[in-house]
Amino acid sequence: MAPILFDPSAIDTVIFDFDGTLARLNIDFEQMRRDVASLIDRWGVDPRSLQNRFVLEMIGEVQALLGKNSGDHAASFTREAFRIIEEIEVEAAQSGSLFDGAKELFTGLRKASLQAGIITRNCEKAVRTVFPDIHDYCPVVVCRNDVRRVKPHPEQINLALSRLGAKPGRCVMIGDHPIDIETGKNAGTRTAGVLTGRFQEKDFLRAGADMVLREAPDILRRLKPEDF
Ligand SMILES: [Mg+2]
């Protein structure tokens, strides 16, 4: 493991990504991409011009494109696109599960007087399907529905920090995707990658992460070595 690159005692807040960091949802992103691409095609836009984008960014781009001619068309397209992706997300959530130790992680953070929040590009319905009592464990959860611009834009993390009354300089953002590292950097937080998704230590270091953890609960030992 790479050494920690900041003073752990300066951290009082931990913000987590959800899918791949606290839970396994097995969302079929390829299916989602195909379904959204065929919707885009039906609206008369060539989806091949958008194939390097994440699905949410594809939707945003087509919404902007259609909106140049008709606000109504843009709104109907967007409604339909989100219906498609929510159906896939909620279905995945039904067979998804929280990682072992996720609830204990939040209990441990509270004991250690560390604040916690979750930010996710997923929808609230899917998150609550996997973690129905999420608010008993984590006071602040910012889903896609709560903001205009999702990660890697800093709006979600900024909203979470403001709800917690926390400062970016005293926060670490933890996630399983380099986009989570980018999000933390965009907001001015410290960052940590976890190896419970499909990315490796070298991917996080390349993205500029301050540390890499095997799994999210390891943050307790890293921040409060005397207690855990
Ligand atoms: Mg993730």
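1. A good place to start is the polar side of the domain boundary: across the interface of domain 1 and domain 2, 2 residue pairs are in polar contact, both at pLDDT 80 or more. Please keep in mind that this is a predicted model.

2. Helix H5 (residues 124–130) deserves a look next. With 4 residues, this helix supplies the largest share of the side of domain 1 that touches domain 2. Sorted by class, that side of domain 1 has 6 nonpolar, 4 polar and 4 charged residues.

3. On charges, the rule finds 2 salt bridges across the interface of domain 1 and domain 2. You may like to inspect the salt bridge between Glu57 and Arg121, where the closest N and O atoms are 2.7 Å apart.

4. How much area do domain 1 and domain 2 bury between them? The figure is about 910 Å², and 61% of it is on carbon and sulfur atoms. Within domain 1, the residues that lose the most area to domain 2 are Arg121, Thr129 and Arg144, which together make up 47% of what that side buries. Arg121 thus turns up here as well as in the salt bridge with Glu57.

5. For the contact count, 14 residues of domain 1 meet 10 residues of domain 2.

6. Finally, the layout behind these numbers. The domain assignment gives domain 1 as 8–24 + 97–223 and domain 2 as 29–94, so do select both segments when you pick out domain 1. The C-alpha centres of the two domains lie 26 Å apart.

Technical notes: Residues are numbered from 1 along each chain as its sequence is written. This is a predicted model: local features need pLDDT of at least 70, side-chain atom pairs count only at pLDDT 80 or more; totals for chains, interfaces and linings use all residues. Side-chain values use heavy atoms; hydrogens and water are left out. Domain bounds come from an automatic or database domain assignment. Contact means heavy atoms within 4.5 Å. Buried area is the accessible area (1.4 Å probe) that two parts lose on being put together, summed over both. A salt bridge is a side-chain nitrogen of Lys or Arg within 4 Å of a carboxyl oxygen of Asp or Glu. A polar contact is a pair of N or O atoms within 3.5 Å; within protein, one must be able to donate a hydrogen and the other to accept it, and residues adjacent in sequence count only if both atoms are side-chain atoms. Helices (H or I, at least four residues) and strands (E, at least two) are DSSP runs, numbered from the N terminus. Ala, Val, Leu, Ile, Met, Phe, Trp, Tyr, Cys and Pro count as nonpolar, Asp, Glu, Lys and Arg as charged, and the others, Gly among them, as polar.
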